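Reader: I should like to discuss the fold and the packing of this chain.

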Amino acid sequence: MALFARNSPGLKQNRRPPEVEAVDTAFYVVAGSLVLLAVWVVATANSFVRARNKVDESWSGMDVQLKRRHDLVPNLVEAVKGYAQHERETLTAVTEARGEAIAATEPEGVARAEAKLTTALGGIRAVAEQYPQLRASENFQQLEAQLTQLENEIQAARRIYNANVQAYNTRIQIFPNSLIAGRSFQPRRYFELDSPADRAVPAVSFS
């Protein structure tokens with residue numbers, strides 16, 4: 001018992017003061033919170049990247065369809081020339097609109113150029129109505145069918161692109177995601193045409 005009594009004060013002295021334990025607990029809480037915050041920041045930033053990549057991917061898909069239409073236009077112009085050589089103004093407008101569409105890069109500029117090209121193709125439609133032999137031409141009918149299909153595919157690709165843009169813009173703009181987005185993740189523009197009547201890319205028909 002005497003030996004235990006002598007050792008007892010030593011045991012009490014080895015216990016940590018409550019203040020030290022409180023500081024340690026606060027440290028672990030803060031450290032854990034910082035780790036969770038870092039994980040959230042990384043996960044959120046990665047979700048921005050994935051959403052932005054979907055926008056870029058859908059834009060590439062639409063760009064492919066637009067280029068296919070650009071490639072079809074010269075053949076259409078040549079087909080019209082064979083039956084309506086005097087319609088130079090209309091054919092020139094189509095050729096110039098095609099050149100502007102090819103040169104455009106940003107979605108806003110592309111939308112304006114493609115709207116102008118669509119309007120110019122409408123001029124060819126008006127010309128075709130004046131030349132029954134042109135409308136009856138097998139080559140022209142094939143080009144018409146290809147163009148109609150392309151217009152439908154452009155319309156579908158445009159819807160997909162705009163949906164991905166909406167999802168991406170919403171993700172980076174809502175709070176607190178906007179604190180992380182900063183200048184590294186900027187909103188993207190929708191692929192919209194100039195007038196409300198032209199916002200859906202129309203199918204061109206020459207029948």
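The exchange below concerns a predicted model.

Reader: Which pattern does the chain follow along the sequence?

Author: The chain contains seven helices and zero strands. Read from start to end, the pattern is therefore one of helices, as runs assigned by DSSP. It is written α-α-α-α-α-α-α.

Reader: Among contacts between residues at least 6 apart in sequence, what percentage joins residues at least 24 apart?

Author: A contact here requires heavy atoms within 4.5 Å. Of the contacts in the chain between residues at least 6 apart in sequence, those joining residues at least 24 apart make up 77%.

Reader: Within what arc do the buried residues of H3 fall, seen down its axis?

Author: Helix H3 covers residues 88–103 and reaches 22 Å from its first C-alpha to its last, close to the 22 Å expected. Thr90, Leu91, Val94, Ala97 and Ala101 are buried in H3, whereas Arg88, Glu89 and Ala103 are exposed on the other side. The buried residues line one face of the helix, because their directions from the axis fall within an arc of 125°.

Reader: Which helix supplies the largest share of the largest nonpolar core?

Author: The largest nonpolar core has 23 residues, and Leu76, Val80, Val94, Leu121, Ile124 and Phe140 have the most contacts inside it. Helix H2 (18–81), H3, helix H4 (107–129) and helix H6 (138–173) each supply at least two residues of this core. The largest share, seven residues, comes from H4.

Reader: How many residues does the second, separate core have?

Author: Among the members of this second core are Ala111, Ala157, Val165 and Phe185. The core is separate, and its number of residues is 17.

Key
Residues numbered from 1 in each chain as written. Predicted model: local features only at pLDDT ≥ 70, side-chain atom pairs only at ≥ 80, totals over all residues. Heavy atoms only, no water. Helix = DSSP H or I, 4+ residues; strand = E, 2+ residues; numbered from the N terminus. Expected span 1.5 Å × (residues − 1). Buried < 20%, exposed > 50% of the residue type's maximum accessible area, 1.4 Å probe, protein only. Arc of directions from axis to C-beta. Core = buried A, V, L, I, M, F, W, Y, C linked by side-chain atoms within 4.5 Å.
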